[in-house]
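Hi,

Here is the structure I promised to pass along. Have a look at it first, and my notes follow underneath.

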Amino acid sequence: MVLEALQRPDVRIALVGASNDPAKFGNRIFRDLVAKGYAVWPVNPHEPEIEGVAAHADLESLPGTRGIVNFVGPPGGALAVAKRAHRLGIRRLWCQPGSESDELKAWLAGQ
């Protein structure tokens, strides 16, 4: 489902865990997605912008239609992000390797 959405030219990706620190995966993934031509909304409650792009504090503050939520962060936060995305009607969740958890997998299996 995520792969299908990535092929649409109008897809928007919310990157939860985007970072300005070039040593962090949240920065590497952000730069990689932008370099590939994707429209990316960085989500980080502690940064006003990521790599010159206005950041958003949370998923609720994103403008327009959200296509994919891409989560990069510690496994403990993945379930909360998934539940928030689900409440907002977002059904495409992409967890970067190492950010998923058994709790998340169990919750997703019940959806």
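Valine 16 touches Val43, Leu59, Val69, Asn70, Phe71, Val72 and Val81, not counting its neighbours within four places in sequence; contact here means heavy atoms within 4.5 Å. Val16 also belongs to the largest nonpolar core, which has 15 residues. Ala14, Val16, Val43, Leu59, Leu62 and Val69 have the most contacts inside this core. Two or more residues each come from β1 (12–16), β2 (39–43), β5 (68–71) and α3 (78–87), with α3 giving the most, 5 residues. A second, separate core has 12 residues, including Val11, Phe30, Val40 and Val72.

Some terms: a nonpolar core is a set of buried Ala, Val, Leu, Ile, Met, Phe, Trp, Tyr and Cys residues joined through side-chain atoms within 4.5 Å, and buried means under 20% relative accessible area (1.4 Å probe, protein chains only). Helices (H or I, at least four residues) and strands (E, at least two) are DSSP runs, numbered from the N terminus.

This is a predicted model, where local features need pLDDT of at least 70 and side-chain atom pairs count only at pLDDT 80 or more, while totals for chains, interfaces and linings use all residues. Residues are numbered from 1 along each chain as its sequence is written, and side-chain values use heavy atoms, leaving out hydrogens and water.

As for the sheet, 4 strands form an open, parallel one in the order β2-β1-β5-β6; strands pair if DSSP finds at least two bridges between them. Phenylalanine 71 has cysteine 95 in β6 as its bridge partner.

The mean pLDDT (the predictor's confidence in each residue, from 0 to 100) is 90 for the chain.

Best wishes

Note on methods. Buried < 20%, exposed > 50% of the residue type's maximum accessible area, 1.4 Å probe, protein only.
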